[in-house]
Amino acid sequence: MQLSRNDLLAAYRKMRLIREFEDAVHEEFSAGNIPGFVHLYAGEEASGVGICMHLDDRDAIASTHRGHGHCIAKGCDERGMMFEIFGKKDGLCGGKGGSMHIADLSVGMMGANGIVGGGPPLICGAALTAKTLKTGGVAVAFVGDGASNQGTTFESYNLAKVWNLPAVFVVEDNGYAESTASVWSVGGSQAARAAGFGMPCTEVDGHDFFAVWEAAREAIERARNGEGPSMLHVRLNRYYGHFEGDAISYKGEGEIERVKAEKDALMLFRNRVIETSLLDAGDMDAIDREVKERIVQCVTEAKAGASPTEADLLTDVYTSAY
Amino acid sequence: MPKKSYRQAINEAIRQEMARDERVIIMGEDISGGMGAPGEQDAWGGPMGVTKGIMPDFSRDRVLDTPITESAFIGCAAGAAATGLRPVAELMFVDFMGVCFDQIFNQAAKFKYMFGGKAVTPLTIRTMYGAGFRAASQHSQCLYPLFTHIPGLKVALPSNPYEAKGLLTQAIRDDDPVIVFEHKAMYDDEGEVPDEAYTIPFGEANVTREGDDVTIVAFGRMVNFANEAADNLEKAGISCTVVDPRTTSPLDRDTILETTEETGRLVVVDEAHPRCNMASDIVGLVSQEMFGALKAAPQMVTAPHCPVPFSPALEDIYVPGVARIEAAVRQAMGKGH
């Protein structure tokens, strides 16, 4: 299977949309316009997009506290997301979830998650649903290097293996769980952990969209064909702090700047498709302009959007009358 | 009407719902038993044999033995519920909630609210609770107040076989996450249970005795003790109303308030530890809503504030019993009783 021109344009647009979305959230948060906590995905775009391009509405993903990119990659509406992050009534979750709980089950996005390691068991459930109802769907759990040390994650590897579930576990290793380096916090290696559960693991450079896309294709096909779960260990970098407001003093001198200059996912993608004559610079420049306008529009509308009211406080707790 | 045990009533409810709806699956540790082993299949049917015989009739595709991995399979059940199945997961002893509580209270309970009302999570968790089995501190607790505290969860405590079948059937058909507490000392209790499927609505208390002097509100197994106490007291000239709320969440406040207003005296019987339990919850409710109608201070009959002891000599003192309920009623009645 090859990426068509339309696939490439779509992939670039999604990655650019995530970058613009996160840069805008960064600016608005810095200006004091966004309440609560936000954790930004900028720098990691090739992972979410390279993986979710293989998924459709039958398929489910569970995300992390750093969930905006996964949402966009899986097809959540960016306008509804921006409203949600601003805490507005027309947000994807009515303003009740916020950045850490953005979800849209109708597109198979089972939620960002405020609990590190909360997602993998849920993905076993989505995979069990797909297997039981024979939908052909697969389920993908995104976890960070931090969640890769949680027991829920290990237990989910085991359950997915012994039940032969159509699941993929993606360890997005950005090098830091909060301020703690994964070279220190992760005993052994992700690949050896996968091997311990009898799962294949592919290590992939998460700045390289094409490498992610290819590795994800294999893992997702394997799951879809009933051949069981596997792991992708994706190494990448985040451009902002663990949360907005994090001074990032724990990273090395010039670390982020070096990555931006040498390995930026959007830059690598552009260089690759231009060198191989797959797309023109003009195609992507046009996307850049369109996406920038779209995000400005989302922010402007979200800022002006209505807040939920007291009448909304007690709704949506239960399905039936309580 | 045919007589069936609490165990049979639960088994029947599960079977009937599995037959009615192919989305209903069950999972848990040894819920069938013998998975992957060379010997007998369906060896256990759960540790108390409650689900025995279901696997041969419905296959291992819908009766899923799990590894000992509560975090993964309770979370899996939550995720499966949010994506189209109606799982009934067995958390063998409620004491084991410590290793999977996140998946219940931070995930399943909150999906609907956090996701702006768009999630439906028809998850049922069956779990065993209660003392009296010489099972000691980590296999005997009554942790329903902890679940009752969490918005988004519903909590049912069936007090006899009829209640068990009706409440469990309702739980499986309910679109919200429900925890059904089965008292481990009641599985052999027998009672009249219709063969056909039926539901008991949540939040509608059952008044098992009607009297003029004292209202006793009791939960789960304690309902039976309260009935026995009421029958004994009747002979002594004290007439009691006994209320079985059936569910602690939702709670039938109206029946509790109305029956307490009629008698003016309240005794609450709760096998849970005394702090922040259902007894304190209901005494708080009644005190706030109808303080002026009370003729005496409300009485709480609960387990003490200590872990459940192992020694039979100690456990027998620990569990609230009929004599303590009668004493509390006499206390509420005042001098001369």
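User: In strand E3 (residues 167–173) of chain A, how many residues are buried?
Analyst: Keep in mind that this is a predicted model. Strand E3 of chain A is mostly covered. The buried count for residues 167–173 is seven of seven.

User: Which residues of E3(A) sit on the side with Val168(A)?
Analyst: In a regular strand the side chains alternate between the two faces of the sheet. In E3(A) both faces are covered, with Ala167(A), Phe169(A), Val171(A) and Asp173(A) buried on one side. On the other side, also buried, are Val168(A), Val170(A) and Glu172(A).

User: What is the bridge partner of Phe142(A) in E3(A)?
Analyst: Start with the pairing: strand E2 (residues 139–144) of chain A runs parallel to E3(A), and six bridges join them. For Phe142(A), the partner in E3(A) is Val170(A).

User: Why does the radius of gyration of chain A agree with a compact globule?
Analyst: Chain A has twelve helices and seven strands, and its C-alpha trace spans about 60 × 50 × 40 Å along the principal axes. For 322 residues, a compact globule would have a radius of gyration near 20 Å, so chain A agrees with its value of 19 Å.

User: What percentage of the chain A contacts with a separation of 6 or more come from residues 24 or more positions apart?
Analyst: On burial, 53% of the 322 residues in chain A are buried. For the contacts with a separation of 6 or more, the share from residues 24 or more positions apart is 74%.

User: Over to chain B: what radius of gyration does it have?
Analyst: Chain B holds twelve helices and 14 strands, and its C-alpha atoms fill a box of roughly 65 × 45 × 40 Å along the principal axes. With 337 residues, a compact globule would come out near 20 Å, which agrees with the value for chain B, 20 Å.

User: What percentage of the residues of chain B count as buried?
Analyst: Among contacts between residues at least 6 apart in sequence, 76% in chain B join residues at least 24 apart. Of the 337 residues of chain B, the buried share is 56%.

User: How many residues does domain 2 of chain B put into its contact with domain 1?
Analyst: The assignment splits chain B into domain 1 (3–192) and domain 2 (206–333), with C-alpha centres 27 Å apart. Domain 1 gives 24 residues to the contact, and domain 2 gives 23.

User: Which elements of domain 1 of chain B give two or more residues to the side touching domain 2?
Analyst: By class, that side of domain 1 of chain B has 13 nonpolar, eight polar and three charged residues. The elements giving two or more residues are helix H6 (144–148), strand E6 (154–156), helix H7 (161–173) and strand E7 (178–183) of chain B.

User: Which helix of chain B supplies the largest share of the side that touches chain A?
Analyst: The contact takes 37 residues of chain B and 37 residues of chain A. Helices H3 (70–82), H4 (101–108) and H5 (111–114) of chain B each supply at least two residues of chain B's side. That side divides into 17 nonpolar, 13 polar and seven charged residues. The largest share, ten residues, comes from H3(B).

User: Is Glu271(B) buried or exposed?
Analyst: Glu271(B) is in the loop between strand E13 (266–270) and helix H10 (278–290) of chain B. Beyond its neighbours within four places in sequence, its contacts include Gly130(B), Arg221(B) and Pro320(B). The C-alpha atoms of Glu271(B) and Cys142(B), 129 residues apart along the chain, are 6.6 Å apart. Glu271(B) has 30 C-beta neighbours inside 10 Å, so it counts as buried.

User: Which residue does a cis peptide bond join to Ser249(B)?
Analyst: Omega is about 0° for this bond. The partner lies in the loop between strand E12 (247–249) and helix H9 (253–263) of chain B. The residue is Pro250(B).

User: Phi of Arg246(B) is near what value?
Analyst: Arg246(B) is in the loop between strand E11 (240–244) and E12 of chain B, and it is buried because 27 other C-beta atoms lie within 10 Å. Its phi is positive, in a residue other than glycine, and is near 70°.

User: What ipTM does the model score?
Analyst: For chain B, the mean pLDDT is 97, and 100% of its residues reach 70 or more. The model scores pTM 0.96 and ipTM 0.94.

Key: Residues are numbered from 1 along each chain as its sequence is written. Chains are lettered from A and ligands numbered from 1 in the order in which they are written. This is a predicted model: local features need pLDDT of at least 70, side-chain atom pairs count only at pLDDT 80 or more; totals for chains, interfaces and linings use all residues. Two residues are in contact if their C-beta atoms, placed from the backbone, lie within 7 Å. Helices (H or I, at least four residues) and strands (E, at least two) are DSSP runs, numbered from the N terminus. Ala, Val, Leu, Ile, Met, Phe, Trp, Tyr, Cys and Pro count as nonpolar, Asp, Glu, Lys and Arg as charged, and the others, Gly among them, as polar. The radius of gyration is taken over C-alpha atoms; the globule rule is 2.2 Å times the number of residues to the power 0.38. A residue is buried if 20 or more other C-beta atoms lie within 10 Å of its own, exposed if 12 or fewer, and partly exposed in between; C-beta atoms are placed from the backbone. Domain bounds come from an automatic or database domain assignment. pLDDT is the predictor's confidence in each residue, from 0 to 100. Two strands pair if DSSP finds at least two bridges between them.
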